[in-house]
Amino acid sequence: MFPFCWTLTLLSLSLLTLSYKGLVHMHTLSVECETFAPKKTQARSSSMALIITLAALIIAAGASREATITSPDSIQDGTYPPEVAGICAASVAVHGYKCQEFEVQTEDGFILSLQRIPEGRGEGGKGARKSPVLIQHGVLVDGMTWFLNSAEEDLPFILAENGFDVWIANTRGTRFCRKHRYLDSSSDEFWNWTWDELVTYDLPAVTSFVRKHTGQKMNYLGHSLGTLIALASFSEGRLVDDLKSAALLCPIAYLNHMTTALGVVAAKAFAGEIGSTFFGLAEFYPKGVDVASFLKVLCAHPGANCYDLLTAITGPNCCINASTIQLFLKNEPQSTSTKNLVHLSQTVRDGVLAKYDFGNPAFNLMHYGTPSPPIYNLSNIPRSFPIFLSYGGLDALSDVHDVQLLLDNLKFHDVDKLSVQFIKDYGHADFVMGVNAKDLVYNAVVSFFKSHMASL
């Protein structure tokens, strides 16, 4: 949900933790602070900023609205909590919709959870063949993040009621995707991946499964990191043959102008990258004790006020109910790999969309055949491929200036194949949890998808 913002901040906190390890150890953490206005930073310092900021939010995810961080079930021993009911049972069937659960295996052995809402409520399988839509969440959340409002306001149900066959993707490492053909999720090797692998393995596996199951090309919708991996895929010619079109909400490609209220503190605290793990942990579990223990140190730093973390990290969001935030905090955030967070911080630091930098020209040469990691050239995205972009004026992560840089890469796109929507008062989380997202965003997405239903 706040995928991107969280991601990088978390990594910064990890680094800060290395310096302070042993000073503070807590199972219950209470933070009382107040927000302050976001501040812009340079490319490298914004990278650090983002990372620490994310950490703060993620740790707070077990918290109440009053910023009390207590999560006995998950933080006491730092282990992952017992698996809850699947997304179909917990969030779809309860609203009277038919829902199916599938497992999809990637080429590198990960087993991903995939849900399907094949029709609108009460259709009983009597409708005509429907056009499939694949929905992809961002980092540190899973498919549950699309089901936090009422059924009338949640995007998957809106799409189903408008005649679409809806598929909800979940990325490796999240609660329902912790299985592998031969690796255990407790092993470091299980977590040896970044969003490069989502581009190379996860998205191709899921799109291929949906196409084989439906016999049709599909529409794609991503939010935040879900847009980044899509854009990277399109730039390499991946997926476009399986898709009719793509709707990208809060598109992430450039992060040069990302803003965050905790930027200054993060920039001072983050001295440099630490490789793919911290504390020897390859899995970055936001509610684990290793991360939670140092939130107090971070928030006690002069100027690092943490009361309203949602605003401090994502920027202001105009239209989210308090009850929705509580449900969000109950279900999220999810685990990712620490290496993935490092890769995301590189994206902020370097100002380009590139493959993972192994930090040594010799290592890069061994993996890529070049001393520097290859860049995802967004100008290679096929000009005739239909794309819908929607972004907000208050988004501190998918900043307006960075979206303009993305649009500059698409300046030669066929005019009738690129649709752009700008919502002045919308923030990063509004696009998924906003109570008026249906009227402002989702209806436009439905119209866009319907206009490409006939695409072969």
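This briefing describes selected strands, a helix, the annotated active-site residues and some backbone features of the structure above. The model is predicted. In the UniProt record, an unreviewed entry, Ser224, Asp395 and His428 are listed under "active site". These residues are spread over 205 residues of sequence, yet they cluster in space, with a largest C-alpha distance of 10.8 Å. Strand S6 (residues 131-136) is largely enclosed by the rest of the structure, because 6 of its 6 residues are buried. Strand S5 (residues 110-117) is mostly covered, with 8 of its 8 residues buried.

**Annotated active-site residues**

- Ser224 is located in the loop that connects strand S9 to helix H7 (225-235).
- The relative accessible area of Ser224 is 0%, so this residue counts as buried, the cut-off being under 20%.
- His428 occupies the loop between strand S15 (418-423) and helix H16 (430-433).
- His428 is likewise buried, at 0% relative accessibility.
- The side chains of His428 and Ser224 make a polar contact at 3.0 Å.

**Strand S6 and its partners**

- On one side of S6, Ser131, Val133 and Ile135 are buried, and on the other side Pro132, Leu134 and Gln136 are buried, so that both faces of the strand are covered.
- S6 pairs with strand S7 (residues 164-169) in the parallel sense, over 5 bridges.
- Within this pairing, Leu134 of S6 stands opposite Trp167 in S7.
- Between these two strands the chain passes through helix H5 (residues 155-161), and the resulting β-α-β crossover is right-handed.
- S6 also runs parallel to strand S9 (residues 218-223), to which it is joined by 4 bridges.
- Ile135 has Leu221 as its bridge partner in S9.
- S9 is also the strand that precedes the loop holding Ser224, with H7 on the other side of that loop.

**Strand S5 and its partners**

- Phe110, Leu112, Leu114 and Arg116 point one way from S5, whereas Ile111, Ser113, Gln115 and Ile117 point the other way; all of them are buried.
- Strand S4 (residues 100-105) runs antiparallel to S5, and 6 bridges join the two.
- Glu101 has Gln115 as its bridge partner in S5.
- S4 and S5 form a hairpin with 4 residues between them, and Gly109 in the turn has a positive phi of about 95 degrees.
- S5 is joined by 2 bridges to strand S8 (residues 179-180), and these strands run antiparallel.
- In S8, His180 is the residue that stands opposite Phe110.
- S5 pairs with S7 in the antiparallel sense over 4 bridges.
- For Ile117, the bridge partner in S7 is Val166.
- S7 therefore has pairings with both S5 and S6, given that strands pair when at least two bridges are found between them.

**Polar contacts of Glu283**

- Glu283 belongs to strand S12 (residues 283-284).
- The side chain of Glu283 makes a polar contact with the side chain of Arg178 at 3.1 Å.
- A further polar contact, at 2.7 Å, links the side chain of Glu283 with that of Ser335.

**Residues with positive phi other than glycine**

- Most residues other than glycine have a negative phi.
- Leu140 has a positive phi, near 70 degrees, and is not a glycine.
- Leu140 sits in the loop between S6 and H5.
- Leu140 has a relative accessible area of 2% and is therefore buried.
- Leu239, also not a glycine, has a positive phi of about 70 degrees.
- Leu239 is placed in the loop between H7 and strand S10 (243-249).
- With a relative accessible area of 7%, Leu239 is buried.

**Helix H17**

- Helix H17 (residues 437-450) comprises 14 residues and reaches 18 Å from its first C-alpha to its last, which is close to the 20 Å expected at 1.5 Å a residue.
- H17 has a bend of about 25 degrees at Asn443.
- The buried residues of H17 include Ala437, Val441, Tyr442, Val445, Val446, Phe448 and Phe449.

Technical notes: Residues are numbered from 1 along each chain as its sequence is written. This is a predicted model: local features need pLDDT of at least 70, side-chain atom pairs count only at pLDDT 80 or more; totals for chains, interfaces and linings use all residues. Side-chain values use heavy atoms; hydrogens and water are left out. The expected span of a helix is 1.5 Å times one less than its number of residues. The bend at a residue is the angle between axes fitted to the seven residues ending there and the seven starting there. Buried means under 20% relative accessible area, exposed over 50%, partly exposed in between (1.4 Å probe, protein chains only). A crossover is right-handed if, with the strands pointing away from the viewer, the path from the first strand over the helix to the second runs clockwise. UniProt positions are given in the numbering used here, feature names are shortened, and annotations may be inferred rather than shown by experiment. A polar contact is a pair of N or O atoms within 3.5 Å; within protein, one must be able to donate a hydrogen and the other to accept it, and residues adjacent in sequence count only if both atoms are side-chain atoms.
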